[in-house]
Number of protein chains: 2
Amino acid sequence: MIAYSSQPHYLLAVDCIVFGFDGEHLKILLVKRGLEPEINKWSLIGGFVGANESPDDAANRVLKKNTGLEGIYLEQLQIYGEPNRDPIERTLSVGYFALIDIHKYQAQINDDYHAEWFLINDRPKLIFDHDQMVSDARKKLRYKAALHPILFEMLPKKFTIPQLQILFEEVNDTKIDTRNFSRKIGSTGLLIKLAEKDKSGSKKGAFYFKVDKKKYNANFQAFLNLIPNLKL
Amino acid sequence: MIAYSSQPHYLLAVDCIVFGFDGEHLKILLVKRGLEPEINKWSLIGGFVGANESPDDAANRVLKKNTGLEGIYLEQLQIYGEPNRDPIERTLSVGYFALIDIHKYQAQINDDYHAEWFLINDRPKLIFDHDQMVSDARKKLRYKAALHPILFEMLPKKFTIPQLQILFEEVNDTKIDTRNFSRKIGSTGLLIKLAEKDKSGSKKGAFYFKVDKKKYNANFQAFLNLIPNLKL
DNA sequence: ACAAAAGTGTTAGGGTTACACCCATGC
DNA sequence: GCATGGGTGTAACCCTAACACTTTTGT
């Protein structure tokens, strides 16, 4: 029998930075931590990686448990592994960022997990290095969204161009010219205009669009340039 | 005393995909694995994460041990954590990609570690999931290099524009127009022309350039667009 | 009628590409 | 003097950004 003699073993966790968009602002989903240490402090949604699952599996499991949702857009951020990041015992954590449609989540609001949405710019201090994770995830979201059409993941199936624009503006902390924005979005060919209008935002009403899934999948790698003068 | 009861613990390793450029082709550095299982098979440069170091620390340590070099450009790729990726015992591995000046390495060629450079497109089959790691790293290198000036990390302090162009062509597997390339490179303002010429490549000789470190550090996040018609 | 948001067109400028010839030197 | 790779200029095109007014409809 072969073995890797005497190497140290560690706990491995996943932590998910869950982004959502309420139509006006970018938000993140936090939970009140249910175990010591730092019990009842706010933290990211996380959990330990089980013996028979990959970190990706673990992140999906943990997300399902806390949001009721499956098939969420999930991307590995990086590993956080400073030796003393967890005061109890050495635990490394793989950070993930997730994009979800906040309205789908609403259906699950009566959950048992005490999760709560916070404005990204007005959130409580988090445990351990979770604030760093949020900051890294935000940066990566912006970077990625400048190049790939991932923000649709945070919108409902049907959405309007003004909604989409606000989302882009929120993520990039900038203002975008309406005309240029709609022209660029149109030129991606990713959107299909629907007959129906959303009258909630204005008297005139804005047409709903949906994502052309085929083109979305085919063009996901396409470089977009939706944010003028982007500084990362 | 608080503890995380009964959670499984795992081994954690790092594996480095080390890229270099010999003036003509992109290469990677591999080692003959020195421990069971798969002893004497080719593998990436790797090692276990020690009790008092972060994965980043471990990658730097392992690289120094195998190349003699410090301060190498190093970037985390992702974690590889399929439950059965290592047949002996569950081991997760953090993949890193590293860019080094192959000529600096040459000074260390009499090492004890049996490392060897291979053409990226003509390398032996690697152990475990290391082939996947190499493939992922190549993709990421291309992606990153399209947007940030990281390829200079693989060149000597003094280099010529034709050398740089060949490197870009190798990484992107494409041909680039000489005139447009030198104009674009020039417009970044990142290069300083030296008086000296490299006569090894031609009779006329090509001027050496060096990187303007100040601008390099300041503009690292600047988006470049050096590869026309880039498909990632 | 008016308020409030949606939707659309034009133009100037900058950047990108495609393309071909001269230059410097060693042999 | 000729072969070899290095180095440069221009013109057409496209994309981008800047900019303001009209449309729709609920009240």
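Trainee: Which residues lie nearest the centre of the largest pocket, and how many line it?

Mentor: This is a predicted model, and in it 36 residues line the largest pocket, with Leu77(A), Lys140(A), Glu75(B), Gln76(B) and Lys140(B) nearest its centre. The elements giving two or more residues to that lining are α1, β5 and α3 of chain A, together with α1, β5 and α3 of chain B. The space inside comes to about 1,600 Å³.

Trainee: What makes a residue count as part of the lining?

Mentor: A lining residue has an atom within 4 Å of a pocket point. Sorted by class, the lining has 14 nonpolar, 10 polar and 12 charged residues.

Trainee: Now to a helix. Why are Phe181(A), Ile185(A) and Thr188(A) said to be on the same side of α5(A)?

Mentor: They cover an arc of only 55° around the axis, so they sit on the same side of α5(A). An α-helix has 3.6 residues a turn, so residues three or four places apart point the same way. Phe181(A), Ile185(A) and Thr188(A) are buried, and buried means under 20% relative accessible area.

Trainee: What covers those buried residues?

Mentor: The cover includes α4, β9 and α6 of chain A. On the face turned away from the buried side, you'll find the exposed residues Arg179(A), Arg183(A) and Ser187(A); exposed means over 50%.

Trainee: How do you know that Asp177(A) caps the N-terminal end of α5(A)?

Mentor: Check the distance: a side-chain oxygen of Asp177(A) lies 3.0 Å from the backbone nitrogen of Arg179(A). The cut-off for a polar contact is within 3.5 Å, so that distance fits.

Trainee: And what follows α5(A)?

Mentor: Gly189(A) does, with a positive phi near 70°.

Notes
Residues are numbered from 1 along each chain as its sequence is written. Chains are lettered from A and ligands numbered from 1 in the order in which they are written. This is a predicted model: local features need pLDDT of at least 70, side-chain atom pairs count only at pLDDT 80 or more; totals for chains, interfaces and linings use all residues. Side-chain values use heavy atoms; hydrogens and water are left out. On a 1 Å grid over the protein atoms alone, a cavity is a set of points where a 1.4 Å probe fits but cannot get out, and a pocket is an open set with protein on both sides within 12 Å along at least five of seven lines; lining residues have an atom within 4 Å of a point. Grid points are joined across faces, edges and corners, and a volume is the space filled by probe spheres set on the points. Helices (H or I, at least four residues) and strands (E, at least two) are DSSP runs, numbered from the N terminus. Ala, Val, Leu, Ile, Met, Phe, Trp, Tyr, Cys and Pro count as nonpolar, Asp, Glu, Lys and Arg as charged, and the others, Gly among them, as polar. Buried means under 20% relative accessible area, exposed over 50%, partly exposed in between (1.4 Å probe, protein chains only). The arc is that of the directions from the helix axis to the C-beta atoms. Contact means heavy atoms within 4.5 Å. A polar contact is a pair of N or O atoms within 3.5 Å; within protein, one must be able to donate a hydrogen and the other to accept it, and residues adjacent in sequence count only if both atoms are side-chain atoms.
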